[in-house]
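Please read the following report alongside the sequence and the coordinates. It moves from the overall description of one chain to two of its residues.

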Amino acid sequence: MRPRLALLVAPALIAAACGFGAPGGSDADEAAVTSNVVSTSAPSHDDAGDDIAATTTDGATEPAADGTQLTTPEDDAGSSDVADATTTTVAESGSGAVSLEPTGAAATFSEDHLSLGAGSQFVPVDVSAYVPASEATWLDPTDVVLGVVKGDVAVAFPVMQMQYHHIANIEVAGEPYLVTY
Amino acid sequence: MVCSSGVGFDPLVDGVQHTFDVAGLYNGLFVMSDRQTGSVWTHFDGTVLTGPLAGTGVALEIEPLIHLRWGDWLEDHPDSEVLAWDERFGRFYREFEPGRPGLGPEFQRTLLSTDDRLPEAELVLGVDTGAASVAYVLGDVEKFTVLNETIGGEPVVVVLDPESLFGIAFSRIVDGAERTFAAGDVDIVDDTGAVWNLDGSGPGGRLDFVTSFVTEWYGWAAYHPDTAIG
C-alpha cells in the first residue's frame, strides 16, 4: 500500500524545468517567472494529476516498496562557520596566484538572468537507496543512466528518474557524492 | 529538450557535505541552493552565483559522471547497483531520450547568449580544461572513437561513443609523461600498453579527469561562449 502524503502547497510552483513538460513548453508561458516575481501554476507535465504531490525535504526516510534497506540521511552539518569557507580557486588567468576572483559562471553572473523559484516542486533524492541491477526491471538497455564508480562500487542513476529529481544528495561507497541532471 | 546535462560533484565544502535543492533557472539551465547557507550554485561548473558563499572563492569539484546507455553500463559493471524506484514520484518518472529539441521561453529568457553554430539540442561532449573549452559533437563520429587532442596547450584524450551517448575526457599525462591512446574493445589503451576503463580507473592507477560531460549545445555555448567545436 502506498503511503498517502500530506499535500504541501508551496508558495511558488513553476511548471517549467529541465526535462519537464512537452517539447517547446507550450504551457510554460503561463508559468513565466522573472527574478523575484513568482506566480503559481500547476505542473504541465504529461501525467499531471489534480493533486500536486510534494514531500517534505527533511530527509525523512520511508521504507522502499520492495523493503530495500535505506540508509539514514546524514544530518546537515548546520553549524559550519561559512565565513571560514575560504577554499580558494585559482583564477583562470593561469598566473598561479591564489585569488578569490570568481571563476566560471560566477565571473559573468548577471542577476537579470536569474529566475528563482522555478522548479521548486522537484524533490531531490536524499537517501542512498539502491537496488541490485537485476531488480532494475523498469530499465531497458537503451535507457540512459548516469554512472558513478568508486573503486569496486558502481551505482547507476537512471535519467528516467533523475529527469524529475534533478539532484541526488547521496553517498557512493561511503563517500558523499552529488549527482545533478 | 532541455539541459540533458549530467554533472557529478564532490559535495564537500571545507570538509563539510553540502546538500542541495533545485532553486531556479539561470542562463538556460537549472541552479541549485545549498541547505547549509542558501547560496545559489550553477550545476554546470559548481560555482556560486549569489548568496552568502558568493565571492568567497568556494566551488564544488567536478567528478566523472558516466553518461551512457544502461545496456552498455551493465556490460562494464555487471555488479552495479541502481537508484531505487521511488514510488512516491513514480508518476513523474518517464522515458527520456536526451537531445530532443524544444526550449521553452522560460528558459530562453534566462540565456545570456545564443550560438547558432550548432542546433540547440545537438548532443555534445563539452570539455573544459580551465584554459579552453571544446564541444565534440557526438553525431559527428560513427563509432567508439578515441581522440588524442591538445586543448589550450594541454594534452587531453577524448573518448566518444555516439551509440551509447557517451563521452569523457582525461589528461594524457600519466606519471609525468605524455601518452597517446587508442580504442580497446570496451576500454582504452595507451602507448605503454596500459589499459584504462571508461571511468578513468585502471590497473595503473587513475587517469586525471578533465571536466567533461555530455550536454546539449545551447547550454554548453551559453556557459562557454568562447568554446571551440572539436
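What follows is an account of a predicted model, beginning with chain B as a whole and then turning to Arg69(B) and Phe44(B).

**Chain B overall**

The secondary structure of chain B consists of three helices and 24 strands. Along the principal axes, its C-alpha atoms occupy a box of roughly 50 × 40 × 40 Å. The radius of gyration of chain B is 18 Å, which agrees with the value near 17 Å that would be expected of a compact globule with 230 residues. Of these 230 residues, 64% are buried, and when contacts between residues at least 6 apart in sequence are considered, 53% of them connect residues at least 24 apart.

The accessible surface of chain B amounts to about 8100 Å², with 46% of that area belonging to carbon and sulfur atoms. As for charge, chain B carries 12 positive and 38 negative side chains, and a distance of 7 Å separates the centres of the two sets.

**Two buried residues**

The table sets out the burial of the two residues discussed below.

| Residue | Relative accessible area |
|---|---|
| Arg69(B) | 13% |
| Phe44(B) | 2% |

Arg69(B) belongs to strand 9 of chain B, which covers residues 66–69. Because its relative accessible area of 13% falls under 20%, Arg69(B) counts as buried. Which backbone oxygen of chain B does the side chain of Arg69(B) reach? It is that of Glu163(B), at 2.7 Å, while a polar atom of the Arg69(B) side chain also lies 2.9 Å from the backbone oxygen of Thr142(A). Setting aside residues up to four places away in sequence, Arg69(B) touches Pro141(A), Thr142(A), Asp143(A) and Val144(A) in chain A, together with Glu97(B), Glu163(B), Ser164(B) and Leu165(B) in chain B.

Phe44(B), by contrast in setting, is located in the loop of chain B that runs between strand 6 (40–42) and strand 7 (48–50). With a relative accessible area of 2%, Phe44(B) is likewise buried, because that value is under 20%. Apart from neighbours within four places in sequence, the residues in contact with Phe44(B) are Ser5(B), Leu29(B), Ile62(B), Phe213(B), Thr215(B), Gly219(B), Trp220(B) and Tyr223(B). One of these partners, Thr215(B), is 171 residues away from Phe44(B) in sequence, yet the C-alpha atoms of Phe44(B) and Thr215(B) are 9.9 Å apart in space.

Methods: Residues numbered from 1 in each chain as written. Chains lettered and ligands numbered in written order. Predicted model: local features only at pLDDT ≥ 70, side-chain atom pairs only at ≥ 80, totals over all residues. Heavy atoms only, no water. Helix = DSSP H or I, 4+ residues; strand = E, 2+ residues; numbered from the N terminus. Rg over C-alpha atoms; globule rule 2.2 N^0.38 Å. Buried < 20%, exposed > 50% of the residue type's maximum accessible area, 1.4 Å probe, protein only. Contact = heavy atoms within 4.5 Å. Areas by Shrake-Rupley, 256 points an atom, 1.4 Å probe, with all protein chains shown as cover. Lys, Arg positive; Asp, Glu negative; His and termini not counted. Charge placed at Lys NZ, Arg CZ, Asp CG, Glu CD. Polar contact = N/O pair within 3.5 Å; in protein donor to acceptor, adjacent residues only side chain to side chain.
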